[in-house]
Amino acid sequence: MPVQRIAVTAGEPAGIGPDLIIELAQRRQNCEMIVVGDTELLAGRARQLGRPLHIVAYQPEQPASPAPAGTIKAAHIPLVEKAVAGQLNPANASYVLATLEYAGKGCLSGEFAAVVTAPVQKSVICESGTAFSGHTEYFAELCGAELPVMLLCADRLRVALL
(Lines give C-alpha, C1' and ligand atoms only; values in the text may rest on other atoms or scores of the structure.)
Protein backbone atom coordinates (compact mmCIF):
# COMPACT_ATOMS: atom_id res chain seq x y z
CA MET A 1 0.00 0.00 0.00
CA PRO A 2 1.48 3.40 -0.95
CA VAL A 3 2.24 5.98 1.73
CA GLN A 4 -0.65 8.43 2.12
CA ARG A 5 0.03 12.17 2.04
CA ILE A 6 -2.00 14.03 4.68
CA ALA A 7 -2.25 17.81 5.10
CA VAL A 8 -2.21 19.11 8.69
CA THR A 9 -3.21 22.75 9.13
CA ALA A 10 -1.43 24.69 11.88
CA GLY A 11 -4.60 26.29 13.29
CA GLU A 12 -4.78 29.52 15.28
CA PRO A 13 -1.19 30.83 15.36
CA ALA A 14 -1.56 32.16 18.92
CA GLY A 15 -3.16 28.93 20.09
CA ILE A 16 -2.22 25.36 20.82
CA GLY A 17 -2.19 24.14 17.19
CA PRO A 18 1.50 24.79 16.53
CA ASP A 19 2.38 23.14 19.86
CA LEU A 20 0.35 20.04 18.99
CA ILE A 21 2.06 19.76 15.61
CA ILE A 22 5.49 20.04 17.21
CA GLU A 23 4.63 17.25 19.66
CA LEU A 24 3.19 15.10 16.85
CA ALA A 25 6.39 15.61 14.86
CA GLN A 26 8.42 14.05 17.67
CA ARG A 27 7.12 10.62 16.58
CA ARG A 28 7.63 8.94 13.23
CA GLN A 29 4.35 8.71 11.34
CA ASN A 30 3.25 5.97 8.93
CA CYS A 31 2.03 8.64 6.49
CA GLU A 32 3.59 11.70 4.94
CA MET A 33 2.39 14.57 7.12
CA ILE A 34 2.50 17.92 5.34
CA VAL A 35 2.13 20.79 7.79
CA VAL A 36 0.38 23.76 6.21
CA GLY A 37 1.47 26.87 8.06
CA ASP A 38 4.13 29.45 8.74
CA THR A 39 7.51 27.75 9.11
CA GLU A 40 9.00 30.60 11.18
CA LEU A 41 6.08 30.33 13.62
CA LEU A 42 6.64 26.59 13.97
CA ALA A 43 10.41 26.92 14.41
CA GLY A 44 10.00 29.69 16.98
CA ARG A 45 7.37 27.78 18.95
CA ALA A 46 9.58 24.67 18.95
CA ARG A 47 12.40 26.77 20.44
CA GLN A 48 10.02 28.16 23.10
CA LEU A 49 8.95 24.62 23.99
CA GLY A 50 12.53 23.33 23.98
CA ARG A 51 11.62 20.65 21.42
CA PRO A 52 13.84 19.64 18.50
CA LEU A 53 12.30 20.39 15.12
CA HIS A 54 13.81 20.16 11.67
CA ILE A 55 11.64 21.72 8.94
CA VAL A 56 11.91 20.55 5.34
CA ALA A 57 10.15 22.32 2.48
CA TYR A 58 7.28 20.28 1.05
CA GLN A 59 7.98 19.14 -2.51
CA PRO A 60 4.71 17.90 -4.06
CA GLU A 61 6.47 16.44 -7.09
CA GLN A 62 8.39 13.98 -4.88
CA PRO A 63 6.87 10.60 -3.96
CA ALA A 64 5.21 10.55 -0.54
CA SER A 65 7.40 9.28 2.30
CA PRO A 66 7.21 9.67 6.08
CA ALA A 67 9.60 12.10 7.73
CA PRO A 68 11.86 10.89 10.53
CA ALA A 69 10.92 11.76 14.11
CA GLY A 70 11.70 15.39 14.90
CA THR A 71 11.17 16.48 11.29
CA ILE A 72 8.19 17.98 9.52
CA LYS A 73 7.58 18.64 5.87
CA ALA A 74 5.92 22.02 5.53
CA ALA A 75 3.97 23.93 2.91
CA HIS A 76 4.83 27.47 3.99
CA ILE A 77 1.92 29.88 4.27
CA PRO A 78 3.19 33.17 5.75
CA LEU A 79 1.54 34.88 8.72
CA VAL A 80 0.14 38.34 8.12
CA GLU A 81 1.54 39.60 11.43
CA LYS A 82 3.95 37.99 13.90
CA ALA A 83 2.08 35.73 16.31
CA VAL A 84 2.57 35.66 20.06
CA ALA A 85 1.38 32.59 21.96
CA GLY A 86 -1.78 33.42 23.89
CA GLN A 87 -2.38 36.78 22.17
CA LEU A 88 -5.15 36.52 19.56
CA ASN A 89 -4.82 38.79 16.53
CA PRO A 90 -7.65 39.17 13.96
CA ALA A 91 -5.04 40.27 11.39
CA ASN A 92 -3.99 36.62 11.09
CA ALA A 93 -7.50 35.37 10.31
CA SER A 94 -6.74 35.41 6.59
CA TYR A 95 -3.68 33.25 7.29
CA VAL A 96 -5.81 30.66 9.10
CA LEU A 97 -8.29 30.60 6.20
CA ALA A 98 -5.45 30.34 3.66
CA THR A 99 -4.15 27.20 5.40
CA LEU A 100 -7.62 25.63 5.30
CA GLU A 101 -8.06 26.56 1.64
CA TYR A 102 -4.65 25.14 0.66
CA ALA A 103 -5.35 21.85 2.44
CA GLY A 104 -8.94 21.62 1.20
CA LYS A 105 -8.04 22.28 -2.42
CA GLY A 106 -5.20 19.78 -2.12
CA CYS A 107 -7.70 17.13 -1.03
CA LEU A 108 -10.06 18.00 -3.87
CA SER A 109 -7.25 17.72 -6.44
CA GLY A 110 -6.04 14.39 -5.04
CA GLU A 111 -2.74 15.84 -3.82
CA PHE A 112 -3.69 14.92 -0.23
CA ALA A 113 -5.60 11.85 0.95
CA ALA A 114 -6.99 13.72 3.96
CA VAL A 115 -6.76 16.88 6.00
CA VAL A 116 -6.31 17.16 9.76
CA THR A 117 -7.03 20.56 11.27
CA ALA A 118 -5.52 22.03 14.40
CA PRO A 119 -7.93 24.15 16.48
CA VAL A 120 -8.92 27.60 15.24
CA GLN A 121 -10.50 30.48 17.14
CA LYS A 122 -13.79 31.17 15.34
CA SER A 123 -14.40 34.48 17.12
CA VAL A 124 -11.08 35.93 15.89
CA ILE A 125 -11.93 35.02 12.30
CA CYS A 126 -15.36 36.62 12.68
CA GLU A 127 -13.75 39.70 14.29
CA SER A 128 -11.71 40.12 11.12
CA GLY A 129 -14.94 40.64 9.18
CA THR A 130 -15.20 37.12 7.73
CA ALA A 131 -18.33 35.10 8.45
CA PHE A 132 -17.04 31.78 9.78
CA SER A 133 -19.00 29.13 11.65
CA GLY A 134 -16.35 26.40 11.60
CA HIS A 135 -14.18 23.96 9.68
CA THR A 136 -17.06 21.73 8.64
CA GLU A 137 -19.05 24.51 6.99
CA TYR A 138 -15.89 26.03 5.47
CA PHE A 139 -14.94 22.76 3.79
CA ALA A 140 -18.55 22.15 2.72
CA GLU A 141 -18.60 25.49 0.92
CA LEU A 142 -15.20 24.81 -0.67
CA CYS A 143 -16.50 21.44 -1.92
CA GLY A 144 -19.95 22.68 -2.93
CA ALA A 145 -21.59 20.26 -0.48
CA GLU A 146 -25.13 21.13 0.53
CA LEU A 147 -25.40 19.16 3.78
CA PRO A 148 -22.12 18.95 5.71
CA VAL A 149 -21.80 16.43 8.54
CA MET A 150 -19.00 16.22 11.08
CA LEU A 151 -17.97 12.64 11.78
CA LEU A 152 -15.83 11.70 14.77
CA CYS A 153 -13.99 8.38 14.61
CA ALA A 154 -12.16 6.32 17.22
CA ASP A 155 -11.23 2.73 16.40
CA ARG A 156 -14.57 1.16 15.42
CA LEU A 157 -16.77 3.91 16.92
CA ARG A 158 -18.25 6.47 14.50
CA VAL A 159 -20.33 9.45 15.70
CA ALA A 160 -21.96 11.95 13.33
CA LEU A 161 -22.98 15.29 14.84
CA LEU A 162 -26.42 16.66 14.01
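# A walk through the model, starting in helix H3

Select Thr99 first; this residue is found in helix H3. Keep in mind throughout that the model is predicted. Thr99 counts as buried, at 1% relative accessibility. Show its surroundings. Leaving out residues up to four places away in sequence, Thr99 touches Thr9, Val36, Gly37 and Ile77.

**Next stop: Thr9**

Follow the contact from Thr99 to Thr9. Thr9 lies in strand S1, residues 5-9. Is Thr9 buried or exposed? Thr9 is buried, with a relative accessible area of 0%. Now display what surrounds this residue. Beyond its neighbours within four places in sequence, Thr9 is in contact with Ile21, Val36, Thr99, Leu100, Ala103, Val115, Val116, Thr117 and Ala118. Val36 is on this list, and Val36 also touches Thr99.

**Helix H2**

Select residues 39-49, which make up helix H2. Which residues of H2 are buried? Colour Leu41, Leu42, Gly44, Arg45 and Ala46. Those five are the buried ones. Residues three or four places apart in an α-helix point the same way, because there are 3.6 residues a turn.

Now bring in the cover. The elements over the buried residues of H2 include helix H1 (17-24) and helix H3 (93-109). Strands S2 (32-37), S3 (54-57) and S4 (71-76) are also among them.

Look at the two ends of H2. At the N-terminal end, Asp38 acts as a cap. A side-chain oxygen of Asp38 lies 2.9 Å from the backbone nitrogen of Glu40. Past the other end, pick Gly50, just after H2. Gly50 takes a positive phi of about 70 degrees.

**Back to H3: Lys105**

Lys105 also lies in helix H3. Lys105 counts as partly exposed, at 46% relative accessibility. Draw a distance from its C-alpha to that of Leu142: the separation is 7.8 Å. Along the chain, Lys105 and Leu142 are 37 residues apart.

**The cysteines**

How many disulfides does a search of the whole structure find? The search finds 0. Cys107 is in no disulfide, and the nearest cysteine sulfur, in Cys143, is 8.2 Å away. Cys107 is partly exposed, with a relative accessible area of 25%. Jump to Cys126. Why is there no bond here? The sulfur of Cys126 is 20 Å from the closest cysteine sulfur, in Cys143, so the distance is too far for a bond. Cys126 is partly exposed too, with a relative accessible area of 38%.

**The loop before H3**

Select Pro90, in the loop between S4 and H3. Pro90 is partly exposed, with a relative accessible area of 27%. Not counting residues up to four places away in sequence, Pro90 touches Val124, Glu127 and Ser128. Add Gln121 to the view. From C-alpha to C-alpha, Pro90 and Gln121 are 9.7 Å apart in space, and 31 residues apart in sequence.

**Last stop: the cavity**

Turn on a cavity display. The structure holds 1 cavity of 30 Å³ or more. About 70 Å³ of space lies in the largest cavity. To centre the view, select Arg27, Gln29, Met33, Ala67 and Thr71, the closest to the cavity centre of the 13 residues that line it. Which element gives the largest share of the lining? Strand S4 does, with 3 residues. Colour the lining by class to see 9 nonpolar, 2 polar and 2 charged residues.

Key: Residues are numbered from 1 along each chain as its sequence is written. This is a predicted model: local features need pLDDT of at least 70, side-chain atom pairs count only at pLDDT 80 or more; totals for chains, interfaces and linings use all residues. Side-chain values use heavy atoms; hydrogens and water are left out. Buried means under 20% relative accessible area, exposed over 50%, partly exposed in between (1.4 Å probe, protein chains only). Helices (H or I, at least four residues) and strands (E, at least two) are DSSP runs, numbered from the N terminus. Contact means heavy atoms within 4.5 Å. A polar contact is a pair of N or O atoms within 3.5 Å; within protein, one must be able to donate a hydrogen and the other to accept it, and residues adjacent in sequence count only if both atoms are side-chain atoms. A disulfide is a pair of cysteine sulfur atoms within 2.5 Å. On a 1 Å grid over the protein atoms alone, a cavity is a set of points where a 1.4 Å probe fits but cannot get out, and a pocket is an open set with protein on both sides within 12 Å along at least five of seven lines; lining residues have an atom within 4 Å of a point. Grid points are joined across faces, edges and corners, and a volume is the space filled by probe spheres set on the points. Ala, Val, Leu, Ile, Met, Phe, Trp, Tyr, Cys and Pro count as nonpolar, Asp, Glu, Lys and Arg as charged, and the others, Gly among them, as polar.
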